[in-house]
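Colleague: I have some questions about how the terms are used here. Can we take them one by one?

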Amino acid sequence: ALTWILLAQPRRTALRNLRLGFPEKDEAWVRRTARETYRQLGSSLGEMLQLPRFNKAWVARNVRFVGMEPLEACLAQGRGVIALGSHFGNWELQGGAWALRGYPTAVVAFPQSNRLVDELILKNRESTGMKVIYTGHHGTAQLLQHLKRGGVAGILADQNAGKDGLRLPFFGRDCSVAKAPAVLARKTGAALIPGFLVREKDGTFTNYALPEIPIAQTGDVERDIVETTKAWLKVQEDF
């Protein structure tokens, strides 16, 4: 609630995006949804700071896994999995829960500008057994090796990709979208499997793994990357 009051610019951005994305909704729904999003973010921050206290028993009691069979089949075959995630639900806890369940999980992340903050976040994330791969040339090599060894790589692929991204429609507006997941999937043969960790009203979580997104194979590489990325955007919109 405090961040809702104090952070005026992000609040205005949230309200504007909700109005643009859901034009059929009234203003009361827009404001209620935005405030609830802030509450969820506050809870997620607290849980991220508590990651070292979570263990396999906690995950077994508090996280219900739905639709994991395709992912587990890939791992059994030694095939890598790109777990496509969004800043939705508790994405920080999701990677930790997967690692604690026994999946060989690595997550791709940007280093924080503040060294002490970066060290704290890194320590908390890796306390669950998941590996953190930072973006950059060395990180790309690590990521490729992890996927080729049949690991799970979590990528949050819903942020502005800047001038290097694909311009594609999302909720009716052209946005810059990262093409890296589609490129990596084509290069490594890894499966693209979307996943979302949703907070339930009783304080537990449901982890949804959705059907694998097929990699377009038309012979035109650029077109294949665009079509595969469009499919991922549609999954996010629908969910």
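Modeller: Start with strands S6 (residues 166–170) and S7 (residues 173–177) of this predicted model. Five bridges join them, and they run antiparallel.

Colleague: What makes S6 and S7 a pair?

Modeller: Two strands pair if there are at least two bridges between them. S6 and S7 have five bridges, therefore they count as a pair. One of the partnerships links Leu166 to Val177 in S7. The two strands form a hairpin with two residues between them. Phe171, in the turn, has a positive phi of about 50 degrees.

Colleague: How do you know that strands S2 and S8 pair?

Modeller: The same cut-off applies: at least two bridges. Four bridges join S2 (residues 81–85) to S8 (residues 191–199), so the two strands pair. They run parallel. Ala83 has Ile193 in S8 as its bridge partner.

Colleague: Which strands form the open sheet, and in what order?

Modeller: Seven strands, in the order S1-S9-S8-S2-S5-S3-S4. The pairing is mixed.

Colleague: Why are S1 and S4 called edge strands?

Modeller: Each pairs on one side only. The twist averages 25 degrees from one strand to the next.

Colleague: Which helices lie on these strands?

Modeller: Among them are H7 and H9. Helix H7 (residues 115–126) lies across S3 and S4, at about 140 degrees to S4. H9 packs on the sheet and touches S2, S5 and S8. The direction of H9 makes about 170 degrees with that of S2.

Colleague: Why is the pair H9 and H10 called oblique?

Modeller: Their axes cross at roughly 120 degrees. Roughly perpendicular is 65 to 115 and roughly antiparallel is over 145. The angle falls in neither class, so H9 and H10 are oblique to each other. The axes come within 9 Å. The crossing is right-handed.

Colleague: Which residues make that contact?

Modeller: H9 gives Ala182, Val183 and Arg186. H10 gives Val221, Asp224, Ile225, Thr228 and Thr229. By class there are four nonpolar, two polar and two charged.

Colleague: What makes H8 oblique to H9?

Modeller: H8 (residues 137–148) and H9 pack at about 50 degrees. Roughly parallel needs under 35, and roughly perpendicular starts at 65. The angle fits neither, so H8 is oblique to H9. The axes are 11 Å apart. H8 passes H9 in a right-handed crossing. Leu143, Leu144 and Leu147 of H8 meet Leu184, Lys187 and Thr188 of H9. That contact has four nonpolar residues, one polar and one charged.

Colleague: Why is H2 called oblique to H3?

Modeller: The axes of H2 (residues 8–21) and H3 (residues 27–49) cross at roughly 130 degrees. Roughly antiparallel needs over 145, and roughly perpendicular ends at 115. Therefore H2 is oblique to H3. The axes come within 9 Å, and the crossing is right-handed.

Colleague: What classes of residue make up the contact of H2 with H3?

Modeller: Seven are nonpolar, one is polar and four are charged. The H2 residues include Pro10, Arg11 and Leu15, and those of H3 include Glu27, Trp29 and Tyr38.

Colleague: What is the pLDDT of the chain?

Modeller: The average is 93, and 100% of the residues score at least 70. Helix H1 (residues 2–6) has the lowest mean of the elements, 75. Strand S1 (residues 63–66) has the highest, 98.

How values were computed: Residues are numbered from 1 along each chain as its sequence is written. This is a predicted model: local features need pLDDT of at least 70, side-chain atom pairs count only at pLDDT 80 or more; totals for chains, interfaces and linings use all residues. Side-chain values use heavy atoms; hydrogens and water are left out. Axes are lines fitted to C-alpha atoms, for helices over the stretch in contact, and angles run from 0 to 180 degrees between N-to-C directions. A crossing is left-handed if the near helix is turned anticlockwise from the far one by less than a right angle, and right-handed if clockwise. Contact means heavy atoms within 4.5 Å. Ala, Val, Leu, Ile, Met, Phe, Trp, Tyr, Cys and Pro count as nonpolar, Asp, Glu, Lys and Arg as charged, and the others, Gly among them, as polar. pLDDT is the predictor's confidence in each residue, from 0 to 100.
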